[in-house]
Amino acid sequence: MAFLSWREDYRVGVEHIDEEHRGLFELINEFHDRHRGGADPKDLAKVLNDLVQYAEEHFRHEEQTMLENEYPAHAAHCRMHEELYLAIFRLSEELAADSSSMTMDTHSFLRNWLVSHILTHDLQFADYLALRAETARREQENRRASETPEDEG
Ligand SMILES: [Fe+2]
């Protein structure tokens, strides 16, 4: 069984965001499997570097989607991404400097790093999107109702 399993209730509902979240899960699983399998520190460092890069790109994409949807918590969310990014960037630096610094705690750290952010903050964005879509739908309905001449229908 995978270290981190994807669950439907992690879905934000924006296809590219969910796809990238799954990509992050895969990289963390790969890191976990290689570490447990006794991989060379260089291999581990490579996976962690991939994770750092992938996370950076993903955060930019997610932030862009938030901007496009006029998400009021955009700035606060960007700050959280910055902190998350720094946390794994530091981890990758530590691993590069001393491979014995990697322990099983690192895995739990990575799991919490990702999952708690998605569950707490990305899903708030999902709620916002759902509300926004619902509001837009109602407005359109109201508009249609007011445009319909009374003697028709
Ligand atoms: Fe996020």
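This is a short tour of four helices and the contacts between them in a predicted model.

**Stop 1: helix H2**

Select residues 41–68, which form helix H2. The helix has 28 residues, and its first and last C-alpha atoms are 40 Å apart, close to the 40 Å expected at 1.5 Å a residue.

Now colour Leu44, Val47, Leu48, Leu51, Ala55, Glu62 and Met66, the buried residues of H2. An α-helix has 3.6 residues a turn, so residues three or four places apart point the same way. What do the buried residues of H2 pack against? Add helix H1 (15–36), helix H3 (74–97) and helix H4 (104–147) to the view, since the buried residues pack against these helices.

Move past the end of H2 to glutamate 70, which has a positive phi, near 50 degrees.

**Stop 2: H1 against H2**

Two packed helices are described by the angle between their axes and the distance between the axes. Show H1 and H2 together: their axes are 10 Å apart, and the packing angle is about 165 degrees. Angles over 145 degrees count as roughly antiparallel, and H1 and H2 are therefore roughly antiparallel to each other. Their crossing is left-handed.

To see the contact, select on H1 His16, Ile17, Glu20, Gly23, Leu24, Leu27, Ile28, Glu30, Phe31, Arg34 and His35. On H2, the residues to select include Leu44, Val47, Leu48, Leu51 and Ala55, which are also among the buried residues of that helix. Glu62 of H2 is another residue of this contact, and it too is buried. By class, the contact has 11 nonpolar, 6 polar and 6 charged residues.

**Stop 3: H1 against H4**

Keep H1 and bring in H4. The two pack at about 170 degrees with axes 10 Å apart, which makes H1 roughly antiparallel to H4. On the H1 side, pick His21, Leu24, Ile28, Phe31 and His32; on the H4 side, His107, Leu110, Arg111, Leu114 and Ile118. This contact divides into 6 nonpolar, 3 polar and 1 charged. Leu24, Ile28 and Phe31 of H1 serve in this contact and also in the contact with H2.

**Stop 4: H3 against H4**

Hide H1 and show H3 beside H4. Their axes come within 11 Å and cross at roughly 170 degrees, so H3 is roughly antiparallel to H4. Which residues of H3 meet H4? Select His77, Met80, Leu84, Ala87, Ile88 and Leu91, which meet Thr106, Trp113, His117 and His121 in H4. The residues here are 6 nonpolar and 4 polar, with no charged.

Definitions and conventions:
Residues numbered from 1 in each chain as written. Predicted model: local features only at pLDDT ≥ 70, side-chain atom pairs only at ≥ 80, totals over all residues. Expected span 1.5 Å × (residues − 1). Buried ≥ 20, exposed ≤ 12 C-beta atoms within 10 Å, placed from the backbone. Contact = placed C-beta atoms within 7 Å. Axes fitted to C-alpha atoms, helices over the stretch in contact; angles between N-to-C directions. Parallel < 35°, antiparallel > 145°, perpendicular 65-115°, else oblique. Left-handed = near helix turned anticlockwise from the far one by under 90°. Nonpolar A, V, L, I, M, F, W, Y, C, P; charged D, E, K, R; others polar.
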